[in-house]
Amino acid sequence: MRKAVMLATIAVLMSVAGAAMAAEIEVKMLNKGMEGLMVFEPALVKIEPGDIVKFVATDKGHNAESIKGMLPADAAPFVGKTNEDVIVTFDKPGAYGVKCMPHYGMGMVALIVVGTPGNLAEAKAIPQIGKAKQVFAALFDKLPTKAAEAK
């Protein structure tokens with residue numbers, strides 16, 4: 001009995017320690033940033049599974065939500081409310097497209113890359129509107145190619 005209690009205690013402590021080791025990254029939703037008007041800053045985030053991204057409503061009029069089809073097949077989509085912070089734990093490896101719905105056409109998008117993304121080709125293939133096309137093209141260009149990773 002004593003051994004079972006000790007094992008259970010160790011299991012609980014290990015799960016708490018694992019959660020405590022998760023990184024939390026802050027992404028600001030801005031009217032004006034270093035990359036221009038209506039931006040997420042940073043717009044490209046590379047994290048590990050289990051890490052947390054906090055989308056901060058620094059300026060009013062913004063939200064953060066996942067883009068349909070631009071996330072791993074088994075990942076849950078999310079939709080934040082306008083003018084409110086959104087905290088998302090990214091458990092599944094892959095590429096996640098994020099948009100501010102009111103400013104999507106103006107290019108207010110972000111790319112969250114979790115671990116080794118197996119869905120890059122699928123994420124790139126999702127049609128975008130307005131300036132979001134250009135912003136995503138630039139974000140994807142910042143990622144290493146498979147040939148470069150193999151070296």
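**Exercise 1. Determine where glycine 105 lies and whether it is buried or exposed, then find what comes close to it in space.**

Step 1. Glycine 105 counts as partly exposed, because its relative accessibility is 35%, and the scale behind that word calls a residue buried under 20% relative accessible area, exposed over 50% and partly exposed in between, with a 1.4 Å probe and protein chains only. This is a predicted model, in which local features need pLDDT of at least 70, side-chain atom pairs count only at pLDDT 80 or more, and totals for chains, interfaces and linings use all residues. Residues are numbered from 1 along each chain as its sequence is written, and side-chain values use heavy atoms, with hydrogens and water left out.

Step 2. Glycine 105 belongs to the loop between strand 7 (94–99) and strand 8 (109–114), where helices (H or I, at least four residues) and strands (E, at least two) are DSSP runs numbered from the N terminus.

Step 3. Although glycine 105 and glycine 130 are 25 residues apart in sequence, their C-alpha atoms are 4.6 Å apart in space. Glycine 130 sits in the loop between helix 2 (120–125) and helix 3 (132–141), and it is partly exposed, with a relative accessible area of 47%. A further pair involves glycine 130 and tyrosine 104, which are 26 residues apart along the chain and have C-alpha atoms separated by 7.8 Å.

**Exercise 2. Work out which residues of helix 3 are buried and where they lie around the axis.**

Step 1. The buried residues of helix 3 are Ala132, Val135, Phe136, Leu139 and Phe140.

Step 2. These residues are on the same side of helix 3, because they cover an arc of only 130° around the axis, the arc being that of the directions from the helix axis to the C-beta atoms. An α-helix has 3.6 residues a turn, so residues three or four places apart point the same way.

Step 3. On the face of helix 3 turned away from the buried side are the exposed residues Lys133, Gln134 and Asp141.

**Exercise 3. Find which backbone angles stand out at methionine 38, at asparagine 83 and at the bond from glutamate 41 to proline 42.**

Step 1. As background, most residues other than glycine have a negative phi, and most peptide bonds are trans.

Step 2. Methionine 38 has a phi near 50°, a positive value in a residue other than glycine. It is found in strand 2, and it counts as buried because its relative accessibility is 16%.

Step 3. Asparagine 83 is not a glycine either, yet its phi is positive at about 70°. Its place is the loop between strand 5 and strand 6, and at 41% relative accessibility it counts as partly exposed.

Step 4. The peptide bond from glutamate 41 to proline 42 is cis, with omega near 0°, and proline 42 lies in the loop between strand 2 (36–41) and strand 3 (44–47).

**Exercise 4. Trace which residues are paired with glycine 50 through their C-alpha atoms.**

Step 1. Glycine 50 lies in the loop between strand 3 and strand 4 (51–56), and it is partly exposed, with a relative accessible area of 22%.

Step 2. Threonine 89, in strand 6, is partly exposed at 41% relative accessibility. The C-alpha atoms of threonine 89 and glycine 50 are separated by 6.0 Å, while the two residues are 39 residues apart along the chain.

Step 3. Valine 114 is 64 residues apart from glycine 50 along the chain, and the C-alpha atoms of this pair are separated by 8.8 Å.

**Exercise 5. Describe how many helices and strands the protein has, in what order they run, and what share of its residues is buried.**

Step 1. The secondary structure comes to 4 helices and 8 strands.

Step 2. Read from the N terminus on, the elements run α-β-β-β-β-β-β-β-β-α-α-α.

Step 3. Of the 151 residues of the protein, 38% count as buried.
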